[in-house]
Amino acid sequence: MASVTIGETEYPVYESVADADAYLTADPYRSLAWSTRTETGKAQGLGAATRLIASQPDWCSTPVDPASGTIPQALADATAALAADILSKPAIISNPSGASNIKRAKAGSAEVEYFNPTLAAATPPLPSAVWQMLVNGGILGCAAAGDATADPYFGGMECQPRGGCWGGGFVEWRDTGYWR
């Protein structure tokens, strides 16, 4: 069981600070921001990530209790990645997809206007890279298999948890990396 201590209180988490340090060291996108955080900051990020993942409604099986001794590696890795993302950009919790319905942006004489409406319901409830780690690991997203939220990269195709997606003339096998 992994846990972090913030102040004098111990919190169960899916990934320890030491293991998150080891995992994120090899992540070129998250390693610098993560390494500059204090131990308390890292613990807070892991606590927030654990709570956010644990609150998701679409677990593939019984939700994993962070106080249990067995945490799947995909869940631990996704927790570390999400913790680093939360610490780098706290607003990611309220808008994980980055979707926006802003039509125009103007600064001085420079202006850009565009509009491609986005639907919050069509985006994953976590940042897409973290969501994909959890779907590929068979942790989350099984209830939504076959719909765009289960696999944002293969929207409109038929997808099976830990299997492949088909449609559009190709097949992608997530577990083996085989493309046809």
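Biologist: Which residues of H5 are buried?

Modeller: This is a predicted model, where local features need pLDDT of at least 70, side-chain atom pairs count only at pLDDT 80 or more, and totals for chains, interfaces and linings use all residues. Residues are numbered from 1 along each chain as its sequence is written, and side-chain values use heavy atoms, leaving out hydrogens and water. Helices (H or I, at least four residues) and strands (E, at least two) are DSSP runs numbered from the N terminus, while buried means under 20% relative accessible area, exposed over 50% and partly exposed in between (1.4 Å probe, protein chains only). By that rule, the buried residues of H5 are Val130, Trp131, Gln132, Leu134 and Val135.

Biologist: What does the cover over the buried residues of H5 include?

Modeller: Cover is judged by contact, that is, heavy atoms within 4.5 Å. For the buried residues of H5, the covering elements include H3 and H4.

Biologist: In what order do the helices and strands run from the N terminus?

Modeller: The protein has five helices and eight strands. Written from the N terminus on, the order is β-β-α-α-α-α-β-β-α-β-β-β-β.

Biologist: Which element gives the most residues to the largest nonpolar core?

Modeller: A nonpolar core is a set of buried Ala, Val, Leu, Ile, Met, Phe, Trp, Tyr and Cys residues joined through side-chain atoms within 4.5 Å. The largest one has 34 residues, and Ile53, Leu75, Leu126 and Leu134 touch the most other members. Two or more residues come from each of strand E1 (2-6) and helices H1 (17-25), H3 (39-54), H4 (73-88) and H5 (128-136). The top contribution, 10 residues, comes from H4.

Biologist: Which residues does leucine 75 contact, leaving aside neighbours within four places in sequence?

Modeller: Leucine 75 is among the core residues that touch the most other members. With those sequence neighbours set aside, its contacts are Tyr14, Ile53, Trp59, Val64, Leu134 and Ile139.

Biologist: How many residues apart are the salt-bridge partners aspartate 21 and lysine 42?

Modeller: A salt bridge is a side-chain nitrogen of Lys or Arg within 4 Å of a carboxyl oxygen of Asp or Glu, and the count by this rule is three. Aspartate 21 and lysine 42 form one of them, at 2.9 Å from N to O. The pair joins helix H1, which holds aspartate 21, to helix H3, which holds lysine 42, across a separation of 21 residues.

Biologist: Is lysine 42 buried or exposed?

Modeller: Its partner aspartate 21 counts as partly exposed because its relative accessibility is 22%. Lysine 42 has a relative accessibility of 6%, so lysine 42 counts as buried.

Biologist: Which residues are linked in a network of salt bridges?

Modeller: Aspartate 27 pairs with arginine 30, with the closest N and O atoms 2.7 Å apart. Aspartate 85 also forms a salt bridge with arginine 30, at 2.7 Å between the closest N and O atoms; this pair links helix H4 to the loop between H1 and helix H2 (31-35), 55 residues apart. The linked residues are therefore Asp27, Arg30 and Asp85.

Biologist: What is the relative accessible area of arginine 30?

Modeller: Aspartate 27 and arginine 30 are both buried. Aspartate 85 counts as buried because its relative accessibility is 15%. For arginine 30, the relative accessible area behind its buried state is 14%.
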